[in-house]
Amino acid sequence: MRPSREAIHGQWSSRWAFVLAATGSAVGLGNIWKFPYITGEHGGGAFVLIYLACIVLIGIPIMMAEIMLGRRGRRSPINTMRHLAQEEGRHGFWRYLGWMGILAGFLILSYYSVIAGWALAYLVRTGSGVFTGLTADGVNNIFYSLVADPERLLAWHTLFMVMTMVVVARGVRSGLERAVRYLMPLLLVLLLVLVGYSMNTGAFQQALVFLFSPDFSKLSPNSVLIAMGHAFFTLSLGMGAIMVYGSYLPRHVSITRATFTIAGADTLVALLAGMAIFPIVFANGLTPGAGPGLIFQTLPIAFGRMPGGEFFGALFFLLLIFAAWTSAISLIEPLVAYLVENMRMSRVMAATLAGMVTWLFGLGTIFSFNIWSGDRYKLFGLTFFDLLDYLTVNIMLPLGGLLIAVFAVWAMRRESSVSELGIGDGRLYRAWRFVTRYITPVAVSLIFLHAIGVL
Ligand code: PHE
């Protein structure tokens with residue numbers, strides 16, 4: 001047996017700590033903000049079914065591969081890939097996979113933080129009763145006046161980045177682990193409270209039918225690809241977040257069991273978010289296909305009308321902030337780990353530097369909604385924010401995930417993956433290897449070709 005290495009950044013104290021942290025990474029704006037609105041746009045049940053199939057066929061095999069590479073490399077994604085390529089006798093080129101992941105995480109966080117900032121702003125607004133009795137127009141005005149004001153967006157973006165940096169600076173044990181240990185279970189409780197509320201809106205049945213009774217006539221070929229892309233984003237795959245968390249995983253922990261738990265929890269939260277949101281949407285006569293503004297422009301109408309809306313509204317946005325916070329931590333962790341390893345920085349220094357550069361880049365997203373929103377500032381008709389989102393989610397994550405799968409089952413020796421996965425060489429291992437070798441790369445290639453416009 002190979003000697004077990006420990007990452008210089010420390011290790012998770014237990015399997016449970018890793019599962020919580022990785023679930024914290026996976027569950028974020030993707031589940032609570034994005035999943036409901038794209039489900040709404042793509043007609044509900046059939047889309048949900050395809051998304052679930054993608055979680056199983058793409059998400060789970062790649063997550064196993066990504067955790068496996070992280071634990072075997074025991075370093076930040078760049079050094080992990082460099083080291084593993086060397087160990088497997090492959091080209092040093094593979095380390096650029098790590099670089100791309102670090103870059104993707106940095107770019108995603110720069111806009112993720114701005115949107116999480118909206119949630120902070122809405123926590124204050126719902127909690128103070130700003131939406132009480134407002135019409136849809138009134139709620140829209142509040143949203144537009146928020147995004148039109150760069151100073152306010154900057155203030156909330158700054159607060160969110162500081163929150164993220166403080167936790168990252170404190171390190172794996174005392175920072176990340178403590179944060180997720182309390183935030184994740186609380187998140188689930190808050191979500192269940194909201195679902196409990198929604199069961200009494202009178203439209204729960206309608207929401208269940210919408211979410212779980214598939215009508216395939218509502219699906220376009222595009223919907224299938226969007227469902228696949230979302231499976232990627234929601235599980236935090238393809239950019240090294242799960243890889244770097246895997247590098248802090250003790251050797252005896254079962255990667256398979258952890259993966260199924262994380263993917264299951266992520267899916268559960270997305271479905272619970274849907275079950276919390278759609279009854280409110282239907283009970284208030286709102287449209288499910290409202291688009292990206294669904295929660296910020298539509299839910300406050302419902303919160304403004306329902307009894308106890310200030311409380312439930314504040315609770316909802318608090319939940320969204322917690323979810324975004326634990327995802328943001330993982331988006332920047334690969335970069336921070338790299339700075340600590342290669343630049344000999346302290347964690348505090350690395351987190352501060354990484355956070356400040358990300359914060360600065362976030363200005364581009366802030367301006368996309370106001371002073372840079374005009375055509376003059378667009379490229380291919382897209383704002384800076386749209387471009388970033390497109391580049392990262394549609395190109396960088398699928399490419400990163402594809403390469404992770406390819407490395408794990410084509411470049412790596414079979415014995416290496418058998419030994420690291422620790423499930424023996426039986427039927428489960430062979431099923432994983434087959435899916436990751438053939439099915440996953442083809443599926444991800446389809447997403448990728450779609451994203452660059454070939455399909
Ligand atoms: N999975 C997170 C979400 O659903 C986003 C994320 C993507 C986090 C990639 C880390 C890495 O919001």
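These questions and answers walk through a predicted model.

Visitor: How many salt bridges does a search of the whole structure find?
Guide: The search covers the whole structure. Some of the residues are linked in a network, among them Arg72, Glu87 and Arg251. The total for the structure is nine salt bridges.

Visitor: Which helix holds the salt-bridge partner of Arg71?
Guide: The side chain of Arg71 meets that of Glu420, at 2.9 Å from N to O. Arg71 sits in helix 3 (residues 45-73). Its partner is 349 residues apart from it, in helix 17 (residues 414-421). So the answer is helix 17.

Visitor: Are Arg71 and Glu420 buried or exposed?
Guide: Buried here means under 20% relative accessible area. Both Arg71 and Glu420 are buried.

Visitor: How many residues apart in sequence are the parts that Glu88 and Arg413 tie together?
Guide: The two side chains form a salt bridge, 3.0 Å from N to O. Glu88 lies in the loop between helix 4 (77-87) and helix 5 (95-127), and Arg413 in the loop between helix 16 (384-411) and helix 17. The pair therefore ties together parts of the chain whose separation in sequence is 325 residues.

Visitor: Does Glu88 count as buried or exposed, and what is the cut-off?
Guide: The cut-off for buried is under 20% relative accessible area. Glu88 has 7% relative accessibility, so Glu88 counts as buried.

Visitor: What does Arg413 count as, at 40% relative accessibility?
Guide: Buried means under 20% and exposed means over 50%. The 40% of Arg413 falls in between, so Arg413 counts as partly exposed.

Visitor: Which residue forms a salt bridge with Arg152?
Guide: Arg152 is partly exposed, with a relative accessible area of 31%. Its partner is partly exposed too, at 23%. The closest N and O atoms are 3.1 Å apart, and the partner is Asp149.

Visitor: Which helix gives the most to the largest nonpolar core?
Guide: This core has 171 residues. Phe18, Leu69 and Phe296 have the most contacts inside it. One helix, residues 309-342, gives 21 residues, the most of any: helix 14.

Visitor: Which residue has a side-chain N or O atom 2.5 Å from an oxygen atom of the ligand?
Guide: Of the 14 residues around the ligand, those that come nearest include Ala26 and Gly30. The side chain of Asn31 has an N or O atom 3.3 Å from a ligand oxygen. The 2.5 Å distance belongs to Tyr112.

Visitor: How much of the ligand's exposed area does the protein bury?
Guide: A backbone N or O atom of Phe233 lies 2.9 Å from a ligand nitrogen. Taken alone, the ligand exposes 330 Å², and the share the protein buries is 100%.

Conventions. Residues are numbered from 1 along each chain as its sequence is written. This is a predicted model: local features need pLDDT of at least 70, side-chain atom pairs count only at pLDDT 80 or more; totals for chains, interfaces and linings use all residues. Side-chain values use heavy atoms; hydrogens and water are left out. A salt bridge is a side-chain nitrogen of Lys or Arg within 4 Å of a carboxyl oxygen of Asp or Glu. Helices (H or I, at least four residues) and strands (E, at least two) are DSSP runs, numbered from the N terminus. Buried means under 20% relative accessible area, exposed over 50%, partly exposed in between (1.4 Å probe, protein chains only). A nonpolar core is a set of buried Ala, Val, Leu, Ile, Met, Phe, Trp, Tyr and Cys residues joined through side-chain atoms within 4.5 Å. A residue is near a molecule or strand if one of its heavy atoms lies within 4 Å of it. A polar contact is a pair of N or O atoms within 3.5 Å; within protein, one must be able to donate a hydrogen and the other to accept it, and residues adjacent in sequence count only if both atoms are side-chain atoms. Accessible areas come from the Shrake-Rupley method with a 1.4 Å probe; for residues, only the protein chains shown count as cover.
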